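Thanks, everyone. I will talk through how a few helices pack in this one, and I will keep it short. Please have the structure up.

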Amino acid sequence: MLAPVINTSSRLSQVKEYLLNYIDQNELGHHDQLPSETAIAKILGVSRNTLREAYIELENEGIIIRRHGIGTFVAHAPVIRDSLNDFSPFTQIIRQGGFTPSFQTLAIERDPAPLEVCEALNLPASSKACCIKRIVRADGSPVIFIKDYVGKAVEAANLDWNAFDGNLIQFLSAALDVSLHHMQSHIRASIVDPGLAPYLELPAGTPILSVRSTIFTEENQPVVYSRICFNSDIIELNAVRMIHAKNLARRKDRA
């Protein structure tokens, strides 16, 4: 594997990305050993301190295990952690969790849209909408079931859904004339219904994470509405809320 060019402005994240790619491209599995820190640092041209920081973060994320005096090994993370602050494709999230991802399109249909879909996409009630059903697996086990309903702007683009590789944001960005701006998501605990249970290979009534997401353009127009169901035994969703410096200043003034 050729050594990448490491940009000093994002050195740590690039070192982590290199290590993740190394694990993936060399098909390393549970308990497989990584090259020594000295070898990796030499390949990347980074300091041992920078490499150790990357190793510490990957260990905290459950991707690797470091054994003092022995070496560094690939872990098999029991949980896939998805940060809600990033637009990462699900296959990438699964790979970062230490699993091997796979993606399958189950059906592409044009059906009457449920009321919540019509409201989210600003469609008249009882309108038909293109729906893409897909499943995402981790090490062969189904962990995410997705229904993507597309709006008028996407339908007008006449996209080749047979070329869809699972990265919806990238796929839409490359095909649409408008720029995508943000995604709004609503998350709640739910139970898997009998119709969905076989897709996730779960008993009916099993707790799951249910997410409803809408993708908007820069003009705040909805283009895709998604129903996403996560196997909550494997997928964990994380969120970070920023505290504005102005709020901190007010607290200091009161102290």
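Start at Ile40. Setting aside neighbours within four places in sequence, Ile40 is in contact with Tyr18, Leu19, Pro35, Leu51 and Tyr55. Bear in mind that this is a predicted model.

There is also a second, separate core, of 16 residues, which includes Ile93, Ile94, Ile144 and Ile146. I will leave that one there and stay with the core around Ile40.

The largest nonpolar core has 18 residues, and those touching the most other members are Val15, Leu19, Ile40, Leu51 and Ile64. At least two residues of this core come from each of α1, residues 11–25, α2 and α3. The biggest share is from α1, with 6 residues. As a general remark, nonpolar side chains in soluble globular proteins tend to be buried together.

Now the helix pairs. How do α2 and α3 cross? The axes of α2, residues 37–44, and α3, residues 48–60, come within 10 Å, at a crossing angle of roughly 115°. That angle makes α2 roughly perpendicular to α3. The crossing of α2 past α3 is right-handed. On the α2 side, the residues are Glu37, Thr38, Ile40 and Ala41, and they meet Arg48, Leu51, Arg52 and Tyr55 of α3. Sorted by class, this contact has 4 nonpolar, 1 polar and 3 charged residues.

The other pair is α1 and α3. Here the axes come within 9 Å and cross at roughly 60°. This crossing, too, is right-handed. From α1, the residues are Arg11, Leu12, Val15, Lys16, Leu19 and Leu20; from α3, they meet Thr50, Leu51, Glu53, Ala54, Tyr55, Glu57 and Leu58. The class count for this contact of α1 with α3 is 8 nonpolar, 1 polar and 4 charged.

Last, Tyr55, which sits in helix α3. Is Tyr55 buried or exposed? Its relative accessibility is 0%, so Tyr55 counts as buried. Beyond the neighbours within four places in sequence, Tyr55 is in contact with Leu19, Pro35, Glu37, Ile40, Ile64, Arg66 and Thr72. Tyr55 and Leu12 are 43 residues apart along the chain, and their C-alpha atoms are separated by 9.8 Å.

To close where I began: Ile40 has Tyr55 and Leu51 among its contacts, and Ile40 and Leu51 are both listed among the core residues that touch the most other members. That is what I have; questions are welcome.

Key:
Residues are numbered from 1 along each chain as its sequence is written. This is a predicted model: local features need pLDDT of at least 70, side-chain atom pairs count only at pLDDT 80 or more; totals for chains, interfaces and linings use all residues. Side-chain values use heavy atoms; hydrogens and water are left out. Axes are lines fitted to C-alpha atoms, for helices over the stretch in contact, and angles run from 0 to 180 degrees between N-to-C directions. Helices (H or I, at least four residues) and strands (E, at least two) are DSSP runs, numbered from the N terminus. Angles under 35 degrees count as roughly parallel, over 145 as roughly antiparallel, 65 to 115 as roughly perpendicular and the rest as oblique. A crossing is left-handed if the near helix is turned anticlockwise from the far one by less than a right angle, and right-handed if clockwise. Contact means heavy atoms within 4.5 Å. Ala, Val, Leu, Ile, Met, Phe, Trp, Tyr, Cys and Pro count as nonpolar, Asp, Glu, Lys and Arg as charged, and the others, Gly among them, as polar. A nonpolar core is a set of buried Ala, Val, Leu, Ile, Met, Phe, Trp, Tyr and Cys residues joined through side-chain atoms within 4.5 Å. Buried means under 20% relative accessible area, exposed over 50%, partly exposed in between (1.4 Å probe, protein chains only).
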